[in-house]
Amino acid sequence: MRSVTIVTCLALAGSLTALPCPLVAQKPMDPCSLLTAQDVSGVLGIKSLPGRPWLGTSKASCFYAADTTFDLSGRTATLMVLTPGGFDAQKANPGNGPLAGKNAGVGDDSYYMSYGSYAKLGVRKGDHAFTITVTPGPDKSTPDQVAELEKALAKEAVARL
């Protein structure tokens, strides 16, 4: 009986090596490697500091702002890395705002999540996916204006994938 268990385990291990690459775990992507302070400064019209992990600890998101706080009352950008499955799950539930589900035409696939005046852009290129969220700061930006800023940042990030 023990030999059957060992053979079964070896067969399972051997079959895992034959899986296509997208199903095998990838090296995590550094979200701060996809945008530079210069990219964010140019698009948002601020003097952004280099990106840093959200609240100093996140390995999945990178925060860009003109100061060292995490204050969302100013103009900021956040890039969050997703798995392709996470991308698909968010795309399936885009909210009910004016941009919900709209394709931005970036990467291989993209969508906006939208609730009221909030908008977030999800992008997938190949086996990589991420979201970009811009807070407009004190400006009274419309969701469409915020979406254009997110789209411009997403194009920069896609170019680095």
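## An aromatic cluster

Which residues form one aromatic cluster together with Trp 54? The other members are Phe 63 and Phe 70. Before going further, please keep in mind that this is a predicted model.

Aromatic pairs in this structure come to a count of four. One of them joins Trp 54 and Phe 63 in an edge-to-face arrangement, with the ring centres 5.0 Å apart and 65 degrees between the planes. Trp 54 is partly exposed, because its relative accessibility is 26%. Phe 63 counts as buried, because its relative accessible area is 0%.

Phe 70 has a charged partner too: the charged end of Arg 52 sits over the Phe 70 ring, 4.6 Å from the ring centre.

## The largest nonpolar core

Now let us turn to the nonpolar residues. The largest nonpolar core holds 28 residues. Those touching the most other members are Leu 35, Leu 44, Leu 79, Phe 130, Ile 132, Val 134 and Leu 153. Both helices and strands give two or more residues to this core: helices H2 (37–44) and H4 (143–159), along with strands E2 (61–64), E3 (75–82), E5 (118–125) and E6 (128–136). Helix H4 provides the largest share, with seven residues.

A second core, separate from this one, has five residues, among them Phe 87, Tyr 111, Met 113 and Ala 129.

## A look around Val 134

Val 134 is a good place to zoom in. Leaving aside residues up to four places away in sequence, Val 134 touches Leu 44, Thr 76, Ala 77, Val 146, Leu 149, Glu 150 and Leu 153. Of these, Leu 44 and Leu 153 are also listed with Val 134 among the core residues that touch the most other members.

Terms used
Residues are numbered from 1 along each chain as its sequence is written. This is a predicted model: local features need pLDDT of at least 70, side-chain atom pairs count only at pLDDT 80 or more; totals for chains, interfaces and linings use all residues. Side-chain values use heavy atoms; hydrogens and water are left out. Rings of Phe, Tyr and Trp (its six-membered ring) pair if their centres lie within 6.5 Å; planes under 30 degrees apart count as stacked, over 60 as edge-to-face and the rest as tilted. Buried means under 20% relative accessible area, exposed over 50%, partly exposed in between (1.4 Å probe, protein chains only). A charge sits over a ring if NZ of Lys or CZ of Arg is within 6 Å of the ring centre and within 35 degrees of the ring normal. A nonpolar core is a set of buried Ala, Val, Leu, Ile, Met, Phe, Trp, Tyr and Cys residues joined through side-chain atoms within 4.5 Å. Helices (H or I, at least four residues) and strands (E, at least two) are DSSP runs, numbered from the N terminus. Contact means heavy atoms within 4.5 Å.
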